[in-house]
Amino acid sequence: VGIGIITCNRPEFFKKCRESIKEEWYDYIVVVNDGNSPIFDARAPVLGTAGMEGVGKAKNKAFTYLQEKNCDYIILVEDDMLFKKNLFKQYIKAYKATGIHHFMFGYHGPANKAGISGGVPVPRKVIDYGELKIALNRDCVGAVCFYTKECLNKVGIYDENYTNAFEHVDHSYQLAKTGYCTPYWWW
């Protein structure tokens, strides 16, 4: 299990995010700093960019690092996410139960909620696998994304010609077209 944390000039967000990820949840972790604010107490390798290159390029650095570590599962996390429990273990369990190679946390910001950020989640459908339930949502949200090694080897990493979120949407669409995740509009 490899985790890549992506940060850009939000040291307080990064600190809280990093503190919320427990060491027993992963085998490898890397931080990609796309900004110019220094990173303190990363407890992980920190890779930099030329600065403000964009989230797609920063996430590709994390992908590349974790692929070199031969991770079977790669989870990319943006710095404004906090974890109260091991969501990563749940993604792996969901992959093994369903064969879906790409998941994303669908409730970051106002997307897939009734009203504003912080509103009640409103999934399009919930699929019951017994002890496991998978919520499918309309909007593609990239703040926490799970990938298997297999799907990344097949589809590749992000197209860096996009900016600010559309690289993730396109990548998820490519994964959907190849059958590695649910169809578009059913994330």
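**Figure 1. Surroundings of His101 in the predicted model.** In this predicted model, His101 has a relative accessible area of 7% and is therefore buried. The residue sits in the loop that runs between helix H3 and strand E5. Its side chain makes a polar contact with the side chain of Thr148, at 2.6 Å. Leaving out residues up to four places away in sequence, His101 touches Tyr95, Phe146, Tyr147, Thr148, Glu150, Cys151 and Tyr180. Among these contacts, Phe146, Tyr147 and Thr148 are also residues of strand E8, shown in the next view.

**Figure 2. Strand E8 and its two pairing partners.** Strand E8 covers residues 144-148, and five of its five residues are buried, so the strand is largely enclosed by the rest of the structure. Side chains in a regular strand alternate between the two faces of the sheet. In E8 both faces are covered, with Val144, Phe146 and Thr148 buried on one side and Cys145 and Tyr147 buried on the other. Strand E4 (residues 73-78) pairs with E8 in the antiparallel sense over five bridges, and within this pairing Ile74 stands opposite Tyr147. Strand E5 (residues 102-104) is likewise antiparallel to E8, here over three bridges, and Phe103 has Phe146 as its bridge partner.

**Figure 3. The open sheet and the helices that pack on it.** Six strands, in the order E3-E2-E1-E4-E8-E5, form an open sheet whose pairing is mixed. Strands E3 and E5 are the edge strands, each pairing on one side only, and the twist from one strand to the next averages 20°. Towards the E3 edge, strand E2 (residues 28-33) and E3 run parallel and are joined by three bridges, with Val32 and Leu47 as bridge partners. Helix H3 (residues 87-98) lies across strands E1 (2-7), E4, E5 and E8, and runs at about 45° to E8. Helix H5 (residues 166-177) also packs on the sheet, where it touches E5 and E8, and its direction makes about 140° with that of E5.

**Figure 4. Helix H2 and the residues that flank it.** Helix H2 comprises 14 residues, from 55 to 68, and reaches 20 Å from its first C-alpha to its last, close to the 20 Å expected at 1.5 Å a residue. Its buried residues are Val55, Gly56, Ala58, Lys59, Asn60, Ala62, Phe63, Tyr65 and Leu66. An α-helix has 3.6 residues a turn, so residues three or four places apart point the same way. Before the helix, Gly54 is found in the loop between strand E3 (46-48) and H2, and this glycine counts as partly exposed because its relative accessibility is 24%. Gly54 lies 77 residues from Glu131 in sequence, and the two C-alpha atoms are 39 Å apart in space. After the helix comes Asn70, whose phi is positive, near 60°.

**Figure 5. Cys145 and Cys181, two cysteines outside any disulfide.** A search of the whole structure finds zero disulfides. Cys145 is in no disulfide, and the nearest cysteine sulfur, which belongs to Cys140, is 7.0 Å away. With a relative accessibility of 1%, Cys145 counts as buried. Cys181 is also in no disulfide, the nearest cysteine sulfur being that of Cys151 at 8.1 Å. The relative accessibility of Cys181 is 10%, so this residue too counts as buried.

**Figure 6. Asn112 in the loop between E5 and E6.** Asn112 is placed in the loop that connects strand E5 with strand E6 (125-128). This asparagine has a relative accessible area of 7% and is therefore buried. A polar atom of its side chain lies 2.8 Å from the backbone oxygen of Gly106. Apart from neighbours within four places in sequence, Asn112 is in contact with Gly106, Tyr107, Val120, Pro121, Val122, Asn137, Arg138, Asp139 and Val141. Gly106 therefore appears in this view both as a residue in contact with Asn112, given a contact limit of 4.5 Å between heavy atoms, and as the residue whose backbone oxygen lies 2.8 Å from the asparagine side chain.

Notes:
Residues numbered from 1 in each chain as written. Predicted model: local features only at pLDDT ≥ 70, side-chain atom pairs only at ≥ 80, totals over all residues. Heavy atoms only, no water. Helix = DSSP H or I, 4+ residues; strand = E, 2+ residues; numbered from the N terminus. Expected span 1.5 Å × (residues − 1). Buried < 20%, exposed > 50% of the residue type's maximum accessible area, 1.4 Å probe, protein only. Pairing = 2+ DSSP bridges. Axes fitted to C-alpha atoms, helices over the stretch in contact; angles between N-to-C directions. Polar contact = N/O pair within 3.5 Å; in protein donor to acceptor, adjacent residues only side chain to side chain. Disulfide = S-S within 2.5 Å.
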